[in-house]
Amino acid sequence: MLAFVTFALIVLFFTVLVLIGKTNELSEDIAGKGMNYDAKSKWNGYMLLGFVIAFFISIVYQVKLLAPIMIPKSASYHGEKTDNLFYVTLFFMTIVFILTQFALFYFAYRYNQSKNKKAYFYSHNNKLEVIWTVIPAIVLAVLVVMGMRVWFQIFDVESRDKNALVVEVTAKQFQWMARYPGADGKFGHRILDTAHITPTNELGIDWTDPNSHDDFWSDKLVFIKGKPVLVKLGALDVIHSFYLPHFRVKMDCVPGIPTQFYFTPKYTTEEMRDYLKTLPWWNTINPETGEPRWKTFKYELACTEICGRSHYGMQKEVVVVKDQAEYDEWMKKQSPIYVAPKAEGTATDSTAAPATAATDSTSKETAKTGKPVAELVKK
Ligand SMILES: [Cu+2]
């Protein structure tokens, strides 16, 4: 309702402005003065020139204001390449943007209507047209080739490390389910049929597969500095998008179509904090925590596909540890998803495995399905 009233008021405001202008013109006509188009055109020209100057000043001001709080340097190796590509593109686009926008508004000012001026008929100029076709074509071709080179480097399957840390991330409304393969480095099979996919086993994990017995859920994503990560992505309901802004990783999670992304973290969480400590904005106090911002910095995973009402809540913390030892230490503390069936129970009935899909002990899902996995395991 408020939005509608605001919209109606804006429309009304501009209608009144137009009507005032019209009335003004009419009254001048009635008074026999006629319109002084020259003066109006000149005034319009000044305003357009003033606008473009104010516009450029505001851009410089905004960059100065916002650049320090924008996302910091890339925390992954391939991210440095995409950043570089971004800056090269930005450089060329800025030049083109300034030249064309300034020309557009300057011409409106310089060649405003006047009784003393006569329009010069100038149909075309081949030389000029060749120049403004060939130069952008070359620049764009260079940018495209650069982009393709980086793309092929990032998605070069041959050069991938076979011992990469593999994490399986499945998205659903509205959370991420991160499955780690455990100490054996192998995931338990998933069987995608109605017998295996149940409300308590949303991924259809085959509990008869011994590899599934040490798989665990994690409420945060843990990676190792310098060790490549292969994230295997999927979705249960709608399209979500796996976004690690600090690592420049972005990949859609599509129901029914597995996707993946391979990258190597470059800085641990601690190293990133140490770096941020050197930047002025990150030293300002965060009113919510009462601490300098760098101190509470966390890498994060977010969903970047508007996937529904609670899309904004799809976040997870990402931690980069310094080495394998620290990772192993963390892994030892995790509890497997699998709970061995009771002796008299149906050991062969894989659907009866009492695992739950709750990945986040604070989620509503947990409240519905009972106790979090960790608690079940302890019993
Ligand atoms: Cu989502």
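The exercises below, each with a worked solution, concern a predicted model of a protein chain.

**Exercise 1. State the secondary structure content of the protein chain and how its contacts are spread along the sequence.**

Solution.
- Step 1. The protein chain holds eight helices and twelve strands.
- Step 2. Its length is 379 residues, and 21% of them count as buried.
- Step 3. Take the contacts between residues at least 6 apart in sequence: 67% of these join residues at least 24 apart.

**Exercise 2. Determine the strand order and the edges of the open sheet that contains β4 and β12.**

Solution.
- Step 1. The order is β4-β12-β11-β6-β7, an open sheet of five strands with mixed pairing.
- Step 2. At the edges stand β4 (220-224) and β7 (249-253); each has a single partner strand, so one side of each is without a neighbour in the sheet.
- Step 3. From one strand to the next, the twist averages 20°.
- Step 4. The pairing of β4 with β12 (residues 315-321) is parallel and runs over five bridges. Within it, Val222 is opposite Val319 of β12.
- Step 5. Helix α6 (residues 324-332) lies across β4 and β12, at about 150° to β4.

**Exercise 3. Describe the open sheet that contains β1 and β2, and find the residue opposite Val169.**

Solution.
- Step 1. Five strands make up this open sheet, in the order β3-β2-β1-β5-β8, and the pairing is mixed.
- Step 2. β3 (216-218) and β8 (259-263) are the edge strands, each pairing on one side only.
- Step 3. The twist from one strand to the next averages 30°.
- Step 4. Strands β1 (residues 165-172) and β2 (residues 175-180) pair in the antiparallel sense, over five bridges.
- Step 5. In β2, the residue opposite Val169 is Ala178.

**Exercise 4. Classify the packing of helix α3 against helix α4 as parallel or antiparallel, and describe the residues in contact.**

Solution.
- Step 1. The axes of α3 (residues 77-110) and α4 (residues 126-154) come within 10 Å and cross at roughly 170°.
- Step 2. Angles over 145 degrees count as roughly antiparallel, and α3 and α4 are therefore roughly antiparallel to each other.
- Step 3. On α3 the contact is made by His78, Lys81, Thr82, Leu85, Val88, Thr89 and Phe92; on α4 it is made by Val139, Leu143, Met146, Gly147, Val150, Gln153 and Ile154.
- Step 4. By class, the residues of this contact divide into eight nonpolar, five polar and one charged.

**Exercise 5. Identify the residues that touch the most other members of the largest nonpolar core, and list the contacts of Phe223.**

Solution.
- Step 1. The largest nonpolar core has 40 residues.
- Step 2. Those touching the most other members are Val169, Trp176, Ala178 and Phe223. Val169 and Ala178 are also the opposed pair of Exercise 3.
- Step 3. Beyond its neighbours within four places in sequence, Phe223 contacts Leu165, Val229, Pro265 and Val320.
- Step 4. As background, nonpolar side chains in soluble globular proteins tend to be buried together.

**Exercise 6. Locate Gln334, assign its exposure, and list what it touches outside its sequence neighbourhood.**

Solution.
- Step 1. Gln334 belongs to the loop between α6 and α7 (364-369).
- Step 2. A residue is buried at 20 or more other C-beta atoms within 10 Å, and exposed at 12 or fewer. Gln334 has 19, so Gln334 is partly exposed.
- Step 3. Not counting residues up to four places away in sequence, Gln334 touches Phe216 and Ser218.
- Step 4. Gln334 and Phe216 are 118 residues apart along the chain, while their C-alpha atoms are separated by 6.7 Å.

Terms used: Residues are numbered from 1 along each chain as its sequence is written. This is a predicted model: local features need pLDDT of at least 70, side-chain atom pairs count only at pLDDT 80 or more; totals for chains, interfaces and linings use all residues. A nonpolar core is a set of buried Ala, Val, Leu, Ile, Met, Phe, Trp, Tyr and Cys residues joined through C-beta atoms within 7 Å. Two residues are in contact if their C-beta atoms, placed from the backbone, lie within 7 Å. Helices (H or I, at least four residues) and strands (E, at least two) are DSSP runs, numbered from the N terminus. Two strands pair if DSSP finds at least two bridges between them. Axes are lines fitted to C-alpha atoms, for helices over the stretch in contact, and angles run from 0 to 180 degrees between N-to-C directions. Angles under 35 degrees count as roughly parallel, over 145 as roughly antiparallel, 65 to 115 as roughly perpendicular and the rest as oblique. Ala, Val, Leu, Ile, Met, Phe, Trp, Tyr, Cys and Pro count as nonpolar, Asp, Glu, Lys and Arg as charged, and the others, Gly among them, as polar.
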